[in-house]
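I opened the notebook to look at aromatic contacts, then at pockets and cavities. Entries follow in the order in which I looked things up.

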Amino acid sequence: MSPAPGAARPASGPLAARRDARPAARSRPGPDDLRRTFEAVPARTSGEDGPFAESWWGRAWVAALESLSMDAPRLARGRAYADGGHVAAITVTPGHVVAYVHGSRPRPYRAELRLRTFADADWDTLLDAVAARPGHLAALLAKEMPHSLAETATTAGITLLPAPGDLDPACTCPDRGRPCKHVAALCYQMALLLDTDPFVLLLLRGRGERALLEELGRRNAAHSARERPAAPDTPSVPAKEALAGRFLPPLPAPFPVEPHPGRPPACPALPGARDPLALDQLATDAAARAHALLTTGRDPLAGLTAWQDAVRLAAAGPTAGLTATTRALYRELASATGRNTTDLARAVAAWRQGEAEGLAVLETPWDPPAGPFDRARPALAAAGFPRFQPWRNHLTHPGHAFQLRFGRDGRWYGYESDPGEDDWWPRAAPGRDPVTTLLELTGG
């Protein structure tokens with residue numbers, strides 16, 4: 001289905017390709033929206049021989065330029081200057097375009113173009129005609145100027161695009177050509193700017209983009225309101241009556257909570273998809289948490305960090321070795337938290353020792369106050385154990401095979417490592433007595 005007349009069309013074809021191939025001219029708007037300065041566009045290197053402008057409005061600008069002069073060689077030199085990146089930053093204000101163009105001499109020349117601006121009455125006529133057709137506004141927002149918009153302006157007696165003879169050139173160079181090659185280069189670069197932004201032409205005619213869009217939006221809304229059918233009369237209700245208290249029926253009783261969490265549906269195994277058994281474990285855990293929230297009104301796991309929750313999930317799996325399902329879950333959880341599977345396995349062992357407190361004992365050394373920690377070394381020595389080396393909340397066996405760590409909960413946590421290595425893993429259940437915990441750890 002073809003678009004409505006005057007509607008914006010997606011940029012495609014030669015114009016879109018040309019826009020993609022050329023470096024975009026970046027604009028610095030002035031504070032009053034009536035001055036825009038476009039940075040210089042680098043020289044083209046693609047060797048294109050096609051028309052300099054691809055949009056129909058850009059070609060109309062080039063036609064107005066070429067109607068100024070019958071001197072084809074001078075225009076060709078101007079185009080070569082434009083292609084070669086000789087045109088510096090271009091400043092556009094109402095009715096005026098100016099830029100410095102580098103010629104054969106070291107000092108650049110100041111090239112200018114003037115174009116008649118519209119009177120306020122012309123703008124009123126044009127904006128009313130555009131606002132009456134929403135497609136015109138949509139086209140401008142898409143940086144397009146449909147033929148129908150120019151035809152609407154012409155029908156209203158306004159020439160939007162420059163006609164032959166409308167452009168008034170000037171340059172500081174000694175060449176008396178009209179236009180000289182420097183002004184011609186400026187004109188060709190203006191065609192490139194118009195290709196990508198027709199609001200440059202509207203600024204030349206006297207109005208900035210921001211002010212135009214605000215005015216068009218206001219007029220379009222007013223025009224739509226005039227065309228909208230009047231709403232039928234609705235009987236009014238006195239405020240006193242509307243605010244009076246009303247009887248509201250009681251809410252229905254909530255559905256009874258199931259005695260046990262529901263089981264999630266089975267997930268099929270698909271190539272490239274997540275492991276279905278790991279997904280089943282995550283869904284089962286979510287169902288258990290939701291059931292607890294329904295029955296107690298609180299979630300005991302809400303305060304866990306992402307890492308703590310990942311360790312908790314991994315610890316809920318099988319305890320006797322790593323099955324294929326457990327390995328897949330470990331990989332997923334380790335990747336999601338930025339750890340490796342060894343870190344996760346060590347943390348799981350600590351969680352099984354003492355949940356969040358056990359994980360804190362593994363990861364966060366601290367300095368215990370005087371008391372039970374100080375009494376532990378004499379108690380171990382009295383039980384016949386060698387003298388343990390203290391460091392913060394750790395007591396380490398001289399052979400570096402066993403270690404006791406004192407938790408903030410007042411319990412001792414046993415750790416084991418290969419002799420002489422510093423690779424500590426949580427072992428045995430924690431207890432209040434360091435001697436009992438060490439005996440359980442050593443199997444004594």
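Is W123 buried or exposed? I looked up its relative accessible area, which is 2%, so W123 is buried. I note here that this is a predicted model.

**Entry: aromatic pairs**

I described each ring pair by the distance of the centres and the angle of the planes. The count came to six aromatic pairs. I took the pair of F118 and W123 before the others. Their ring centres are 5.4 Å apart and their planes stand at 65 degrees. The cut-off for edge-to-face is over 60 degrees, so I entered F118 and W123 as edge-to-face. F118 has 7% relative accessibility and therefore counts as buried.

Next I looked up F373 and W412. The centres of these two rings lie 5.7 Å apart with the planes at 15 degrees, so I entered the pair as stacked. F373 belongs to helix α15 (residues 372-382) and W412 to strand β10 (residues 412-416). The two are 39 residues apart, and the pair links distant parts of the chain. I found both F373 and W412 buried. I then followed the ring pairs outward: W366, F373, F406 and W412 are linked by them into a cluster.

**Entry: charges over rings**

I searched for arginines over ring faces. R405 lies over the face of Y415, 4.0 Å from the ring centre. R392 lies over the face of W391, at 5.9 Å from the ring centre.

**Entry: second largest pocket**

Which residues line the second largest pocket? I listed R339, D343, R346, L362, E363, R405, D422, D423 and W424. R405 in this list is the residue that I had entered over the face of Y415. The volume of this pocket is about 160 Å³. Helix α14 (residues 341-363) supplies the largest share of the lining, four residues. I sorted the lining by class and got seven charged, two nonpolar and no polar residues.

**Entry: cavities**

I turned to enclosed space. Rolling a probe the size of a water molecule over the atoms shows where empty space is left. I found three cavities of 30 Å³ or more.

The largest cavity has a volume of about 70 Å³. Its lining consists of W123, L126, L127, V130, L140, L149, L160, L202, L212 and L216. W123 thus turns up again, after its entry in the edge-to-face pair with F118. α4 (120-131) and α9 (209-227) each give at least two residues to the lining, and the largest share, four residues, is from α4. How does the lining of the largest cavity divide by class, and what is the count of nonpolar residues? I counted ten nonpolar, no polar and no charged residues.

The second largest cavity has a volume of about 50 Å³. Ten residues line this cavity, and E39, A40, V41, I90 and Q189 lie nearest its centre. β3 (87-93) and α7 (181-196) are the elements that give two or more residues to the lining. β3 gives the most, with three residues. By class I entered eight nonpolar, one polar and one charged residue for this lining.

**Entry: helix α5**

L140, in the lining of the largest cavity, sent me to helix α5 (residues 134-141). In this helix I found G135, H136, L137, A139 and L140 buried. K143 follows α5 and has a positive phi, near 60 degrees.

How values were computed:
Residues are numbered from 1 along each chain as its sequence is written. This is a predicted model: local features need pLDDT of at least 70, side-chain atom pairs count only at pLDDT 80 or more; totals for chains, interfaces and linings use all residues. Side-chain values use heavy atoms; hydrogens and water are left out. Rings of Phe, Tyr and Trp (its six-membered ring) pair if their centres lie within 6.5 Å; planes under 30 degrees apart count as stacked, over 60 as edge-to-face and the rest as tilted. Buried means under 20% relative accessible area, exposed over 50%, partly exposed in between (1.4 Å probe, protein chains only). A charge sits over a ring if NZ of Lys or CZ of Arg is within 6 Å of the ring centre and within 35 degrees of the ring normal. On a 1 Å grid over the protein atoms alone, a cavity is a set of points where a 1.4 Å probe fits but cannot get out, and a pocket is an open set with protein on both sides within 12 Å along at least five of seven lines; lining residues have an atom within 4 Å of a point. Grid points are joined across faces, edges and corners, and a volume is the space filled by probe spheres set on the points. Ala, Val, Leu, Ile, Met, Phe, Trp, Tyr, Cys and Pro count as nonpolar, Asp, Glu, Lys and Arg as charged, and the others, Gly among them, as polar.
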